[in-house]
Each structure stands twice: as structure tokens, then as C-alpha cells.
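This briefing introduces one structure to a reader who has not met it before. The points below are grouped by topic.

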Amino acid sequence: MTACVLGIDLGTSAVKVSAVNRAGTVLAQESFSYPLNQPDPGYSEQNPNDWVMATTVAIVRLILDDHIDPTEIAGVSYSGQMHGLVLLDQENQVLRPAMLWNDTRTTAERSDIETQLGTEFVRITGNRPLEGFTLPKLLWVKKHEPDIFKQTAVVLTPKDYVRYRMTGKLGIDYSDATGTTMLDIHTNQWSQTICQQFGIPMRILPPLLQSIDRVGTITPEYAEFSGLTTATQVFAGGADNACGALGAGILQPGMGLLSIGTSGVLLRYEEQPTDRYHGQLQLEDHVVPDAYYSMGVTLAAGYSLSWFHRTFCSDLMFAQMLAGAATAPLGAKGLLFTPYIVGERTPHADADIRGSFIGMDATQDRGDFTRAVLEGITFSFRDCLAIYRAAGADLHRIVAIGGGAQSPLWLQMLADILHVPIQSLANEQGPGLGAAMLAAVGLGWYADCASCAQQFVHVGHQYEPLSDHMTKYDQLYALYQQVYPDTRKLSQGLRGFLS
Ligand SMILES: Nc1ncnc2c1ncn2[C@@H]1O[C@H](COP(=O)(O)OP(=O)(O)O)[C@@H](O)[C@H]1O
Ligand SMILES: O=C(CO)[C@@H](O)[C@H](O)COP(=O)(O)O
């Protein structure tokens with residue numbers, strides 16, 4: 001047995017823990033899922049304790065089922081779903097369920113931020129305020145749950161809470177701190193202007209860390225609970241999209257990442273904070289020091305597919321459902337889907353819009369509907385790409401990761417709709433590989449992230465765009481683009497019937 005590191009990827013649907021050795025070989029992966037609670041339309045919550053329990057189950061399975069020797073686990077690091085609000089009291093007890101990145105109840109708070117700080121907010125944070133970010137959620141709690149706000153001693157994002165439970169140390173890394181929109185991206189400090197303007201006590205914001213910083217070791221309590229040893233070193237980790245980018249080797253300008261998880265993300269490496277996208281895309285700190293990335297986010301990418309499966313074909317295995325889509329014709333016999341089932345972020349920052357199937361015909365079957373869902377999600381990625389193209393930002397290489405990247409059908413569709421070659425990874429582990437790399441670099445196994453990537457990241461297959469598909473998809477995309485403006489008012493009218 002050789003030394004290894006654990007990359008803990010705290011996703012929205014599940015936690016995935018990968019054990020990776022010094023050479024970058026994935027020795028084993030275990031995952032455990034947890035529920036997403038939507039008590040009202042627009043609400044999206046999880047129980048932080050579920051994350052800890054699920055992570056522990058995955059670690060125990062690695063030790064017991066996959067025979068990973070705990071004494072060989074030299075380091076651990078994290079990748080986490082971004083923006084979620086975790087509130088702790090003086091005793092570091094969780095005060096309320098975590099409000100997640102796809103929770104859009106905060107439209108009023110978003111517009112307050114816009115009214116009060118306007119372009120100054122964009123200058124400080126690199127982002128315009130959007131419902132999904134952490135600050136509007138904190139302001140929602142301040143307004144609607146003042147007792148909870150008063151008791152709040154610490155604000156964390158999701159993976160920081162799991163790290164706290166494993167080490168007893170509080171902190172947040174820069175890649176997740178930018179996603180709170182309370183960090184000044186120019187000074188890399190919490191923004192006094194934002195905190196003063198919105199009455200956020202700065203003492204509740206945790207210490208800032210670099211992603212490769214050593215935070216501590218596993219506590220004796222967590223060691224007893226999980227089977228890990230207290231010698232295992234723990235490193236800060238980062239936001240899932242930043243870790244996904246690192247794990248796919250997205251470390252130079254012009255390189256892009258397509259992540260198909262619960263959300264969908266098209267991301268580009270940026271050397272500098274840039275305003276060339278005029279706030280249409282997010283700007284975040286990378287896990288690599290002094291680097292950044294921009295991204296467009298589809299709120300319900302894999303989530304649309306899972307929703308379709310759960311709602312209309314739970315009698316089929318996921319793979320059987322996808323097989324139906326593979327035999328359906330391109331364009332799904334005239335059926336178009338828009339994936340706005342929980343509202344949208346990019347390019348339409350609109351919490352009220354809802355999805356649609358347009359063009360239903362009696363000849364269509366379940367396979368056609370599945371295909372339309374895949375195509376609709378992929379058109380939303382094309383919307384993100386259009387923003388990059390309009391800004392003249394090169395994206396010459398795109399690597400796909402996440403649950404959706406397991407489907408060759410979807411990878412080919414991405415190449416055809418985006419007109420860009422799409423690469424898959426040989427050792428696809430989602431952002432967990434990036435998290436493992438942060439531990440490997442933190443331990444000093446590699447001098448930096450770039451040299452670690454050379455050893456860890458291996459391209460699998462490249463999907464080339466097919467010209468006849470590109471032409472047909474261009475025609476369909478032109479129709480897809482009309483659905484948002486044509487259904488916006490209808491969605492608003494239907495809003496009253498949602499709950
Ligand atoms: N074989 C598959 N083909 C296409 N999509 C898949 C497949 N398996 C899972 N998915 C999609 O991937 C999503 C989960 O991806 P994952 O990267 O694990 O998400 P998260 O990190 O948000 O938990 C699901 O929503 C599902 O729709
Ligand atoms: O909100 C964002 C990015 O801004 C999401 O991408 C979340 O980070 C969730 O990621 P997944 O669970 O879909 O990987």
C-alpha cells in the first residue's frame with residue numbers, strides 16, 4: 001500500500017470521496033447522496049449534518065470496502081458546492097438548514113443590494129448581485145429570521161462546515177469567499193463597505209485561507225467516528241467549479257471547463273479580474289493563487305435530467321432512459337425544452353422564469369422527450385458560450401466533467417451544439433480530483449498546481465463537432481433563443497399557481 005490523499009467533493013446531489021495516490025492514480029471512490037429539500041418554490045435547503053454523515057459513510061466505505069489503509073492517508077482536501085449559507089452560533093452549532101446556491105427566494109434582497117450599492121458592488125466583488133450568492137441569503141435571514149441572525153457567530157459555505165467538523169478549525173478559502181460576494185477581490189479582504197452598508201458584523205466572517213493552506217489535522221473525536229487517524233493533514237480546499245477546473249487542468253487562458261452536475265457551468269480561466277463580460281458572467285478566485293475564472297451557470301442542468309427521470313420515467317434505469325434519447329432523432333421530432341425549472345442565472349438572471357416543452361406532438365415518445373431535455377440543457381450552455389464569443393474571449397479547448405460527462409451521447413451533442421471539440425478525462429472524478437490535487441500540493445508532493453496537473457490530469461477522448469449536426473442545431477438554437485422572451489410573461493402569470 002502506498003500513501004494517498006482524499007479529495008472530498010461535496011456536491012449538491014451527493015458527496016464523492018476519491019482516494020488518489022502520489023502518481024495521480026485513483027485508487028477508489030465512494031459516494032453517498034443526501035436529500036435536497038424544497039419546502040416552497042424557490043427554496044432549496046440541505047441539512048449540514050447530512051453532509052458530515054454522508055462524508056463519513058463514504059470514508060468508512062473507502063477504509064472497509066476498498067481497503068484504503070487509514071495510516072496511509074497523508075492528506076485530505078475539499079471541493080464544495082458554492083454560495084450555500086451555513087450559520088453557526090457561539091458554540092458552533094448549526095442554527096438553521098443551509099440555504100443553497102439554487103435557492104432563489106432572495107429577489108428582494110438582490111434588488112436592495114443593486115439599489116444601495118449599484119456599480120460599486122460590481123467593482124468590489126467582480127459580480128452583480130444574484131439570488132444564489134451568499135450575501136442576499138444572509139440579508140434574507142436578517143430580515144425574516146432576526147433571532148437567528150442575532151445568534152449568528154459564524155458564516156460558512158458548505159465544505160467549510162464539513163472541514164470544521166473534521167478538524168475543529170473555522171475558515172474559508174478565497175475561491176469560496178468570492179462566491180459569497182462579501183470579499184473585495186482587489187484587496188482579498190472582507191469588504192468593509194459591503195459589511196457596513198448592509199449591517200453585517202465583520203466578526204461573523206471566518207478567517208481567509210489559500211486553498212492549499214494546511215488547516216490542521218483530524219480531531220481525535222472525528223478520528224474515532226470515521227476510522228481516520230489524527231496524523232492525517234487537512235488542507236483548505238476550494239469551490240467545486242474551481243476544483244473541477246484544476247482537476248481538468250484548466251490553468252491557462254483560452255482553456256474552458258464544462259461541468260454538468262446538478263448545475264451546469266461553462267467556465268474560462270482568467271489571468272486577471274476582468275469586466276469584459278459586463279457582469280453577465282460570474283468572476284471568481286481560482287484555487288490557484290493569483291488566478292481567476294469567469295463562468296456562466298445554468299441552474300438546472302443535470303437537475304433537469306434527474307427531475308425528468310424522477311417525474312416521468314422512474315420505472316427505467318437512468319441508462320435505459322438515456323438509451324431512448326440516443327435512438328431519438330436530432331431535434332426530438334420538433335420538441336424544444338428550456339431548463340428553467342428552478343429559474344435561471346445565465347444569461348437570463350431571472351428567478352421567476354420557468355421551463356417549457358414547446359412543440360409537443362402525438363408522434364413523440366419518451367425517448368424524444370429525454371432527447372429534448374438533453375438538447376435544451378445544451379442550448380443553455382450555448383447561451384453562455386455566446387457571451388464569451390461576443391466579448392471576443394477565446395475558448396479553444398473545453399474539457400467536460402461531472403455526472404453528465406458520463407454520457408458519450410451528451411458529449412457529442414455538446415460538440416455539435418457549441419461547435420467546439422469537447423474532451424473527456426481518462427480519470428473523471430469530477431471536482432474531487434482537484435480537491436485531491438490541493439492536498440497533494442499542500443503536502444509538498446508537488447511544487448505547485450501546474451506540476452501536479454501534469455502528473456494527475458489525462459485527457460480521455462475528444463468529441464469533434466459533426467458538420468451536418470451543427471447546421472441543424474444552429475436552426476434549432478435560433479428557435480430556442482426565442483422561448484425565453486416569449487414565455488417570460490406567461491411564467492410570471494403562472495407564478496401564483498406554483499405553490
Ligand atoms: N450516466 C449519466 N449520463 C448523463 N447524466 C448523468 C448520468 N449520471 C448522472 N447524470 C447527471 O449528473 C448529475 C449529477 O452530477 P454530479 O456531478 O454528481 O452532481 P453534483 O456535484 O451536483 O452532486 C445528475 O443531476 C444527473 O442528471
Ligand atoms: O452556484 C454554482 C456556481 O456559481 C453551482 O455550480 C454550485 O457550485 C453547485 O455545483 P454542482 O453541485 O452543480 O456541482
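The model is predicted. Strand S1 (residues 4–10) pairs with strand S5 (residues 73–80) in the parallel sense, over seven bridges. The points that follow stay with S1 for a while, then turn to the annotated domains and the two ligands.

**Strand S1 and its partners**

- In the pairing of S1 with S5, Val5 stands opposite Gly75.
- S1 also pairs with strand S2 (residues 14–21), and here the two strands run antiparallel, joined by seven bridges.
- In this second pairing, Leu6 stands opposite Ala19 of S2.
- The connection from S1 to S2 is a hairpin of three residues.

**Burial of S1**

- Seven of the seven residues of S1 are buried, so the strand is largely enclosed by the rest of the structure.
- One side of S1 carries Cys4, Leu6, Ile8 and Leu10, and the other side carries Val5, Gly7 and Asp9.
- Both of these faces are covered, with every one of the named residues buried.

**Domains annotated in UniProt**

- An unreviewed UniProt entry places the feature "domain: Carbohydrate kinase FGGY N-terminal" at residues 5–247.
- Across residues 5–247 the chain is 37% helix and 23% strand, and the C-alpha atoms at the two ends are 14 Å apart.
- The unreviewed UniProt entry also carries the annotation "domain: Carbohydrate kinase FGGY C-terminal", which covers residues 258–442.
- Across residues 258–442 the chain is 37% helix and 19% strand, and the end C-alpha atoms are 26 Å apart.

**Surroundings of ligand 1**

- There are 19 residues around ligand 1, and those that come nearest are Gly11, Gly261, Thr262, Gly302 and Gly403.
- Two elements give two or more residues to this shell: helix H10 (302–312) and helix H11 (318–327).
- H10 gives the most to the shell around ligand 1, contributing four residues.
- By class, the shell of ligand 1 holds six nonpolar residues, 13 polar residues and no charged residues.

**Surroundings of ligand 2**

- Ligand 2 is surrounded by 15 residues, of which Thr12, Met82, Trp101, Gly261 and Ser263 are the closest.
- The shell of ligand 2 is made up of four nonpolar, ten polar and one charged residues.
- Gly261 is named among the nearest residues of ligand 1 and among the closest residues of ligand 2.

Key:
Residues are numbered from 1 along each chain as its sequence is written. Chains are lettered from A and ligands numbered from 1 in the order in which they are written. This is a predicted model: local features need pLDDT of at least 70, side-chain atom pairs count only at pLDDT 80 or more; totals for chains, interfaces and linings use all residues. A residue is near a molecule or strand if its C-beta atom, placed from the backbone, lies within 6 Å of it. Ala, Val, Leu, Ile, Met, Phe, Trp, Tyr, Cys and Pro count as nonpolar, Asp, Glu, Lys and Arg as charged, and the others, Gly among them, as polar. A residue is buried if 20 or more other C-beta atoms lie within 10 Å of its own, exposed if 12 or fewer, and partly exposed in between; C-beta atoms are placed from the backbone. Two strands pair if DSSP finds at least two bridges between them. UniProt positions are given in the numbering used here, feature names are shortened, and annotations may be inferred rather than shown by experiment.
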